[in-house]
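Me: I would like to go through this chain slowly and ask, for each label, what justifies it. Please set each value against its definition before you conclude.

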Amino acid sequence: VDQLPTEFAKDASHHFGSQLLPLIPQLLQRAHQFLPSTEPEKKEEESFHEGLCPELGAAVIAEGGSLAPLWTCIDQFRAFQEREAEAEAHEWERRERHGEGGGEKEKAGGKKDRRP
């Protein structure tokens, strides 16, 4: 029983490797197609992930400095977080102006956060 938690990780690693190994030749072949010296007339709009099997194509998170289409939700999530942080900062400033903040803001767990 003492070794059980470490066996899960070992089994997961073996399973991941057994699933990934057959995909390596395709990944290397596609990467070779994108080397500048092997195909200089490659179309600019061709995407690396589009020529891959679905499993590998879905694993491509970014390409050419932008998020892959499947992962554009990351930009939306980041924008949401920025809006939430900005709204929280505005609320904190409003409370400070109206004397409700007292220079301290309570964090989760009852701890106070001193704002400069």
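Me: What is the mean pLDDT of the chain, and what percentage of its residues reach 70 or more?

Reply: The mean is 79, and 75% of the residues reach 70 or more, where pLDDT is the predictor's confidence in each residue, from 0 to 100. This is a predicted model, in which local features need pLDDT of at least 70 and side-chain atom pairs count only at pLDDT 80 or more, while totals for chains, interfaces and linings use all residues. Residues are numbered from 1 along each chain as its sequence is written, and side-chain values use heavy atoms, with hydrogens and water left out.

Me: Which elements of the chain have the lowest and the highest mean pLDDT?

Reply: Strand β3 (residues 104-106) has the lowest, at 52, and α4 the highest, at 92. The chain holds 4 helices and 4 strands, these being DSSP runs numbered from the N terminus (helices H or I, at least four residues; strands E, at least two). Along the sequence they follow the pattern α-α-α-β-β-α-β-β.

Me: How do you know that the span of helix α4 is close to the expected one?

Reply: The expected span of a helix is 1.5 Å times one less than its number of residues. Helix α4 (residues 73-97) has 25 residues, for which 36 Å is expected, and the distance from its first C-alpha to its last is 36 Å, so the two agree closely. After α4 comes Gly 99, with a positive phi near 75°.

Me: What makes the pair Glu 91 and Arg 94 a salt bridge?

Reply: The term requires a side-chain nitrogen of Lys or Arg within 4 Å of a carboxyl oxygen of Asp or Glu. Between the side chains of Glu 91 and Arg 94 the N to O distance is 2.7 Å, so the pair meets that definition. The two residues are 3 apart in helix α4, which means that about one helical turn separates them.

Me: Which other residue forms a salt bridge with Glu 91?

Reply: Arg 95 does, its closest N and O atoms with Glu 91 being 3.0 Å apart. Here the residues are 4 apart in helix α4, again about one helical turn. Salt bridges that share partners join Glu 91, Arg 94 and Arg 95 into one network.

Me: Why is Arg 30 called buried, and how does Arg 95 count?

Reply: Buried means under 20% relative accessible area, exposed over 50%, and partly exposed in between, with a 1.4 Å probe and protein chains only. Arg 30, in helix α2 (residues 24-33), has a relative accessible area of 9%, and is therefore buried. Arg 95, at 41%, counts as partly exposed, and Glu 91 is also partly exposed, at 30%.

Me: What does Arg 30 touch, leaving out residues up to four places away in sequence?

Reply: Arg 30 touches Glu 46, Ser 47, Phe 48, Gly 51 and Leu 52, where contact means heavy atoms within 4.5 Å.

Me: What makes a group of residues the largest nonpolar core here?

Reply: A nonpolar core is a set of buried Ala, Val, Leu, Ile, Met, Phe, Trp, Tyr and Cys residues joined through side-chain atoms within 4.5 Å. The largest such set has 6 residues, namely Leu 23, Phe 48, Leu 52, Cys 53, Leu 56 and Val 60. Apart from residues up to four places away in sequence, Val 60 touches Phe 48, His 49, Leu 52, Ala 68 and Trp 71.

Me: Why is Ala 58 called partly exposed?

Reply: Its relative accessible area is 30%, so Ala 58 falls in the partly exposed class. Ala 58 lies in helix α3 (residues 54-59), and beyond its neighbours within four places in sequence it is in contact with Leu 70 and Trp 71.
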